[in-house]
Amino acid sequence: MSLDQTDVDFDQYLDVALDNATFEEEIYGVPLGVSLTLFFYNTGIFEELELDTPKDYDEFITVVETLRDNDYYPLALANQTGWTGAYYQEYLVNRLAGEGLYDDALQREGAGFDDENYVRANEKIQDLVDMDAFNPGFNGIPYDAGQGRQLMYSEQAAMMLITTSFLNNVRDEAPQYEDDLGVFPFPTIEGGEGDGSNLLGSGAPVWSVYEDTEHEELAIELIKELSNEETSIDYMDSTASMSAYEGLQSDDAFVQQFIDLLQDANYLGMPYDQTMPPSVAQVHLDAAQEVLGNTLTPEEAADLVEEAAQNSLD
Amino acid sequence: MISSKKKRMNAWTILLFILPALLVYVVYVVYPIITTFNYSLFDWSGLSADTTFVGLGNYVSLYMDRIFWLALQNNVLIVMASVLLQIPLGLIMALILSSSIKGRRFFNVMFFLPYLMSTVAIGLLWIYMFDPVNGPVNQILMWLGFSPVSWLADPAIAIYAVLFVIIWQFSPFYMILFRAAIVGIPDELYEAADIDGANSKNKFFYVTLPTLIPTIVTSSILAIVGSLKAFDIFYIMTGGGPGHATEILGTYMYKQGFINFSMGYASAIAFTMFVIAFVCVVIIQTLEYLRRKRGILS
């Protein structure tokens, strides 16, 4: 059911987090946690090669080339399931065209997934593949099996575009690696219309109430309890991730860095595969994977997703 | 002569004895097949109560679905690999174990080991073996001077990499079947062959192989049906990817049913899989029946 200001004081929560629980102007849930998708990188390798974290895409390409020429895999990617590689396309489209394009394409309002910016994003991805920016065979490596993260821990690879849950993986799997861990947001693209502060990530968990419940007040009481300041602080401390509660600080330097990035962000975009209808989402992931595998051209991939969107949304 | 009354009594007794098994069979095999066919006639998400009767519409879409035919092709490839490589390999391993070579016990354990591991463990094991950068397979290739191969990421190679793992995993199963059958061959046949002056090659082709025909038939049925309903190892190792390069009917059915939530369409795939497997078994059984009737090779 949709909630209103009399049920929950929404001012307590970050707007960007509430956006993810909003459908047609109505808010349907109370957010607790937020995760972001960012570039994690090896500060040691960057120092050794005297590299700075790239601010725009041209700098990013220079960093990639320098790393490659020094026998590092610039970007670690484990893309068997497709969502890790799809982040590149989703960020590139966001930087090229701004946040409106995806929403318009999804709502079928004046733009489609075959928009030229989707094609351009796919082209940029294939440029990266052609310059050997990724570790070989990435389309056969499942992220969950950990080989992608291993490339980072073993310092064979220098950067990885992944969710902030990577921080917890590092602390579990390779604690000593944390000393060399750094983070930077996806670079801006010169001439692109996207706001450089825009982030991709997701608000989860979000608590909602069943429309036909007999105990509406109790249920609302419960979800408020599950997302109040106290729970939010506990959640942040015990999961090393961010909360959607406005104005909280963290002693954890990484979490504080995430909070600062989120505070400055004007938009938080959910991963496509979580907001598209399932059948379109699968086509999107498959197409992004085939773009990276060079088995589809940028146009073919964009057309495939648009076709699936037309079948399922129009 | 048995009176008709006694015959009827017998029939009741027989029915009573098979009733428990029959009940399980009907509830868990026959009934689901019928309901699957029923679901396949509807446009149904699998989640909501809304169903729309579409008749054979799902089957028409299936017929025009490029990915379905691709998946079927891959299934045929698994069938070929199973029948033409797995079963002969199982037979060779069984023959090695039945011979009097040294270290038979060692081979016995070695050969059987892959079959004892769970498929999930095998899948993960081989994902690591095939790792493009740090995997042992590529390390050995590079050590031998070859360039590394992206085993599971290259659409042209991935299916063969998984097929290799399937053969590695299931050959021991056929080895066991053949071993049991070889033990059952009467020594008199070999003695008679000795008297006729047969060498070991003759003995294999005129005694061992003909007596093993029924086991080969059984193995083929198991291999074909098993290959058609393959799912787990593909789901773990490639998830049907990259793209749809290793998509098989099982993974495609899963994706349609539980990712795209087109349960009606998934049911149509499932029922098609059943029909294909059923037809294959009927053909093999008929051939076997004709062979017995004519008494060839037995």
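Me: What makes up the area buried between chain A and chain B, and how much is there?
Reply: The area buried between chain A and chain B is about 1600 Å². Carbon and sulfur atoms give 56% of that area. The value is called buried because it is accessible area that the two parts lose on being put together, summed over both. In chain A, A:Q80, A:Q147 and A:Q282 lose the most area to chain B, together 26% of what that side buries. The model is predicted, and the values here are computed from it.

Me: How do you know which residues are in contact between chain A and chain B, and how many are there?
Reply: A contact needs heavy atoms within 4.5 Å. By that cut-off, 21 residues of chain A are in contact with 22 residues of chain B.

Me: How many salt bridges does the rule find across the interface of chain A and chain B?
Reply: Zero. A salt bridge needs a side-chain nitrogen of Lys or Arg within 4 Å of a carboxyl oxygen of Asp or Glu, and across this interface the rule finds no such pair.

Me: What makes up the lining of the largest pocket?
Reply: A residue counts as lining if it has an atom within 4 Å of a point of the pocket, and 30 residues line the largest pocket. Those nearest its centre are A:V283, A:N311, B:Y252, B:Q256 and B:N260. The volume of this pocket is about 970 Å³.

Me: Which elements supply the lining of the largest pocket?
Reply: In chain A, α13 (278-292) and α14 (298-313) each supply at least two residues. In chain B, β1 (42-44), α2 (57-63), α3 (66-98), α11 (249-259) and α12 (263-294) each do so as well. α13(A) gives the most, with seven residues. By class, the lining has 10 nonpolar, 13 polar and seven charged residues.

Me: How do you know what confidence the predictor has in chain A and chain B?
Reply: The score is pLDDT, which runs from 0 to 100. Chain A has a mean of 91, and 100% of its residues reach 70 or more. Chain B has a mean of 89, with 98% of residues at 70 or more. Within chain A, confidence is lowest in strand β1 (residues 22-23), at a mean of 82, and highest in strand β5 (residues 73-75), at 96. Within chain B, the lowest is strand β2 (residues 51-53), at a mean of 87, and the highest is helix α5 (residues 119-129), at 94.

Me: Which peptide bond is called cis, and where does A:P205 lie?
Reply: The bond joining A:A204 and A:P205 is cis, with omega about 0°. A:P205 lies in the loop between β8 (199-203) and β9 (206-207) of chain A.

Me: How many helices and strands are there in chain B?
Reply: Chain B has 12 helices and two strands. Its C-alpha trace spans about 80 × 75 × 30 Å along the principal axes.

Key:
Residues numbered from 1 in each chain as written. Chains lettered and ligands numbered in written order. Heavy atoms only, no water. 1 Å grid on protein atoms, 1.4 Å probe; cavity = no way out; pocket = protein on both sides within 12 Å on 5 of 7 lines; lining within 4 Å. Points joined across faces, edges and corners; volume = space filled by probe spheres on them. Helix = DSSP H or I, 4+ residues; strand = E, 2+ residues; numbered from the N terminus. Nonpolar A, V, L, I, M, F, W, Y, C, P; charged D, E, K, R; others polar. Buried area = accessible area lost by both parts, 1.4 Å probe.
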